[in-house]
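Open your viewer and get ready to click along. Each stop below tells you what to select and what you will find there.

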Amino acid sequence: MTFQELLLERFETPVKVFQFMTERTEMLGELTLEHFYLIFAAAVTAIVTGVIIGVIITYNDKAALLALTICQVVMVVPSFAMLGFLLPFFGIGFKTGMLALTLYTLLPVVRNTYTGIREIPPSVLEAAKGMGMKEWRILTHIKVPLALPVIMAGFRTAVVMIIGIGAIAAYIGAGGLGELIFTGISRTQPVRIIVGAILISLMAIMADIILGRVEDHLMSKTR
Amino acid sequence: MIKLENVTKIFPGSDIPAVDNLSLDIKEGEVCVLVGPSGCGKTTTMKMINRIYDPTEGRIILGDKDIMDTNIIQLRLNIGYVIQEIGLFPHLSIEDNVATVPRELKWPKEKVKQRVDELLTLVGLEPEIYGKRRPSHLSGGQRQRVGVARAMAADPPVMLMDEPFGAVDPITRNRLQNEFLRLQEQLKKTIVFVTHDIDEAIKMGDKIAAMQEGRLIQYSDPDELLSTPKNEFVANLVGRNRSIKRLHLMHTRDVLNNDVAYVKLKTPLEEIEQKVKDSKLRAVMVLGDDNKLMGIISKEDIKREKGEVAADYYQEILNTCTDDATLNDALSVMLSYGEGFIAVTDGQERFKGIITVGDIFGVVKDDANDN
């Protein structure tokens, strides 16, 4: 056995993984883009609706309890069950996957918007009110900007989480890197599973770093 | 200017009124201090004027209009508001904080900028240095100044101040109080000032409203409050040493002693020696151009130094104060330098005279005899 053969045997999987990644760049790129798009669409939808819900419930304690409980319940539904539940209503495909991911992102965004606004020192809000600022101005110029770092922290947790959950969305035909993993399982090709897992992890790590930067930046702007 | 007529406030879920049938008439340009122990309703009374709380009964007239008939936003935009915690917006620069109300009023950009610079200068913060900073980069006293500047931004005729100097250390508080009084002398705003500190009330107020359990007990000027407290409660509030408290009311210019030996920078040695010998203080003041106070020459200085004229002998004098300082301020400066007298100057450091410990005791004694 030559040295090269020995190496190949010892490092069979890593080499195959490497080969797969270099040979199938185009396909991998497409899947990664698809995955990214799925996450991006879900995240944007969730942050817009989440912040709106979070802001509204700061004006009513009962609504806050209700909304936060619902979000909490949604959060603990296992992802497969969630997809199974949504399937009859929305069919297979991208939309259903996106909807499921949006629901998972909602809780951290809603909760953090709510607590972020609630934690603003009362004196700041009293000063704003007492000086004659209208409620809408206080909301857009004081409350939301001050709560932004907290909102961002929740958003970051949520995004990192749904990048992982996103893989499962491939099961209902939403596309993305999950497809690699599922075909890997059905065809017993561990290399596909590993490549899928690596790319998803990389995406999650990168999202965490980038959003962490954004969070730090916002933090430095509010104190 | 501000008239409260039989105002009562009962908070929901409470049987006892926080403010009970209170009537108060505050004249234009006056500082009215609401003073009393915590829970006496002083803050609630103040906060009804800008409708943070609405009165349960009674009327509040501002100018000639019932505040309930005024648009709430318009009402508040025309009332300066300073609270103890200041409540600066932490995410905005000092400039943007001060510009809050002018921007709500949609002033043009240049006018806002001009006004902000003017105000920061007025409260002693250089706009070029502090304008772009965040509130967290300022000291407590500086933040307090920004709070006052922000409240004055649109030049409101009325200001509400809730323990505005409560959160700073005693030395800074004293300085802020003096600055505030100096500003008020020029600006003549109508001010409702809330404090639990009777000394502060006596110092700041043109009128003092002593409150207890939601009711107005006595409404009079500080002098009258000290000399003729209406009842036991007010007497306890102002405390036992009332004559000493009057030191807060009197200014150094009121008791100034200007029969003091002084020399000029060019005065020759012999004349200095003679004047020092004749002086009760065993020292002479040294004045420069325009009567500017340069320093002091004592007997010891003549022995220690060598030279021909006063300029060679004089030492810096530290126990000084301005003529708008209170006797209490003057006394504490004397005590902290361990001197029996204090040199008094005007705002431009021109020498006005001196005050000795004896002069101050004289005031306290006269007063005690009056009572």
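**Stop 1: a helix at the chain contact**

Select α7(A) first, then show what surrounds it: the cover over the buried residues of this helix includes α8 of chain A, along with α2 (72-77) and β6 (79-82) of chain B. Keep in mind as you go that this is a predicted model.

Which residues of α7(A) are buried? Colour A:Val124, A:Ala127, A:Ala128, A:Lys129 and A:Gly130, which are the buried ones. Now step just past the helix to A:Gly132, which follows α7(A) and has a positive phi, near 105 degrees.

**Stop 2: where chain A touches chain B**

Widen the selection to the whole contact, to which chain A brings 17 residues and chain B brings 17 residues. On the chain A side, pick out α7 (122-130), α8 (135-169) and α10 (190-222), each of which supplies at least two residues. Which element gives the most to this side? The helix from your first stop, α7(A), does, with 6 residues. If you colour the chain A side by class, you should see 8 nonpolar, 4 polar and 5 charged residues.

**Stop 3: A:Leu31 and its distant partners**

Stay in chain A and go to helix α3 (residues 25-57), where you will find A:Leu31. Why is A:Leu31 classed as buried? It has 21 other C-beta atoms within 10 Å, and the cut-off for a buried residue is 20 or more.

Next, show the contacts of A:Leu31 beyond its neighbours within four places in sequence: A:Gly176, A:Leu177, A:Glu179 and A:Leu180. For a distance to try in the viewer, pick the C-alpha atoms of A:Leu31 and A:Gly175, which are 7.3 Å apart although their positions lie 144 residues apart along the chain.

**Stop 4: the two domains of chain B**

Move to chain B and give domain 1 (2-248) and domain 2 (252-368) separate colours. Their centres, taken over C-alpha atoms, are 38 Å apart. Where they meet, domain 1 of chain B contributes 9 residues and domain 2 of chain B contributes 10 residues.

On the domain 1 side of this contact, select α8 (170-187) and α12 (242-245) of chain B, the elements that give two or more residues. The largest share of that side comes from α8(B), with 3 residues. Coloured by class, the domain 1 side shows 2 nonpolar, 4 polar and 3 charged residues.

Terms used. Residues numbered from 1 in each chain as written. Chains lettered and ligands numbered in written order. Predicted model: local features only at pLDDT ≥ 70, side-chain atom pairs only at ≥ 80, totals over all residues. Contact = placed C-beta atoms within 7 Å. Helix = DSSP H or I, 4+ residues; strand = E, 2+ residues; numbered from the N terminus. Nonpolar A, V, L, I, M, F, W, Y, C, P; charged D, E, K, R; others polar. Buried ≥ 20, exposed ≤ 12 C-beta atoms within 10 Å, placed from the backbone. Domains from an automatic or database assignment.
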